[in-house]
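Got a minute to poke around inside a protein model? Let's go through its interior by question and answer.

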Amino acid sequence: QGKLVRMAIRRDSRGLALAALGVAVSCAVGAALGVVEGHCRDELPSLYLSLWVLLAVSLLVGGQKVRRAIHLAGCAICVYFLASPGHNVHRLHDLGYFLVAELDRVRLAAFEVEAENLKRGFERSARHARCTKAEDESAIWGEIGSATDEVDHVIDVLIRATQASPLWTALSEQGLDITCAGFTPWACPSYLLGVIVIHTAQAIAKARDGEAVCMTCVTLAAQAFGGLLLVVLSSDRRAFCVFVFEKMTMLYFCLHACVSVSLALLQHRGDLQDGIFKRAKLVFICVTLLLAAIPPVILVRAPLVGPGLVQLFLRRVRLSPPSCPW
């Protein structure tokens, strides 16, 4: 009662090694192209737009191979920018996002495999469980007592969410889909951390521009509060907080890509684009932090929009099996 139960996950050493090899090769290719062809600036705007499209699509697709290709292409483009003359330091946190997203892909695949293994041979109730030793069986049933139904419910939550806790149990009882809710992807938090570090350095460099420093400090304070939430919250609340960051970041990436393409087609100046993104980013951060700070068991009770909003945050893009080409 009231305890957190996690699923044991076997580390996929082969998958991690292949992911590391792919990232290393893509970064090497991007660096080589950036050094050799980086002086040709004509293709950089189109590559910049394609980078934002990749950031948005990486959170929408679920195929193993497609997702891996997106992550590796993103790494190559980011390193290409960094290796080019007059590189943009912002590509560092983009690169960090794609690196961690590739790691998340391998981890999520392992979680889904273990969830399938946990269901194998399970007959939907602990009543059918047997032990090889009679004394163990007697001791276990002595602990369970008459709480068999509660144990069955915890196991069901564990299989679906890869983690059983009072939060996931309460949301499950509300009729919400908690598939893989216990899995915490770290790509978006790493992106947030990279933005904080880089924006802090820029605020120090632009100390003479009062307006820019003020806007940067407000944004940094909001982002630091988001980082604090990830530190102080419990494991299940932290996972939900990351889901909120992930979905809101996906929305921001999509809007950023659409606005970038539109302004490029209309040939607007870069200062207009920067002004729009700075204000939009601050609004998105404030709304995201508000949604992340509210406990989901309270948020789900909001009239009309509560259950749908919480379900939207919980909804995961499931990976296709490794044998599936897409």
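Here are some questions on the core, one residue and the cavities of this predicted model.

Q: Is Asp94 buried or exposed?
A: Asp94 sits in helix H4, which runs over residues 91-119. Past its close sequence neighbours (within four places), Asp94 is in contact with Leu51, Leu55, Cys78 and Tyr191. Its relative accessible area is 0%, and the cut-off for buried is under 20%, so Asp94 counts as buried.

Q: Which helix gives the largest share of the largest nonpolar core?
A: That core has 61 residues, and Tyr97, Trp168, Leu171, Phe253 and Leu314 touch the most other members. The largest share is eleven residues, and they come from residues 235-266, helix H10.

Q: Which residues of the largest nonpolar core that touch the most other members does Leu314 contact?
A: Leu314 is itself in that group, along with Tyr97, Trp168, Leu171 and Phe253. Leaving aside neighbours within four places in sequence, the contacts of Leu314 include Phe240 and Phe243. Also among them are two names from the group, Trp168 and Leu171.

Q: How much space lies in the largest cavity?
A: The structure has two cavities of 30 Å³ or more. For the largest, 17 residues make up the lining, divided into twelve nonpolar, four polar and one charged. Its space comes to about 310 Å³.

Q: Which helix gives the most to the lining of the second largest cavity?
A: This cavity has a volume of about 120 Å³, and Arg67, Asp104, Pro185, Ala187 and Glu246 are the lining residues closest to its centre. H3, H4, H8 and H10 each supply at least two lining residues. With five residues, the one that gives the most is H4.

Notes. Residues are numbered from 1 along each chain as its sequence is written. This is a predicted model: local features need pLDDT of at least 70, side-chain atom pairs count only at pLDDT 80 or more; totals for chains, interfaces and linings use all residues. Side-chain values use heavy atoms; hydrogens and water are left out. Helices (H or I, at least four residues) and strands (E, at least two) are DSSP runs, numbered from the N terminus. Buried means under 20% relative accessible area, exposed over 50%, partly exposed in between (1.4 Å probe, protein chains only). Contact means heavy atoms within 4.5 Å. A nonpolar core is a set of buried Ala, Val, Leu, Ile, Met, Phe, Trp, Tyr and Cys residues joined through side-chain atoms within 4.5 Å. On a 1 Å grid over the protein atoms alone, a cavity is a set of points where a 1.4 Å probe fits but cannot get out, and a pocket is an open set with protein on both sides within 12 Å along at least five of seven lines; lining residues have an atom within 4 Å of a point. Grid points are joined across faces, edges and corners, and a volume is the space filled by probe spheres set on the points. Ala, Val, Leu, Ile, Met, Phe, Trp, Tyr, Cys and Pro count as nonpolar, Asp, Glu, Lys and Arg as charged, and the others, Gly among them, as polar.
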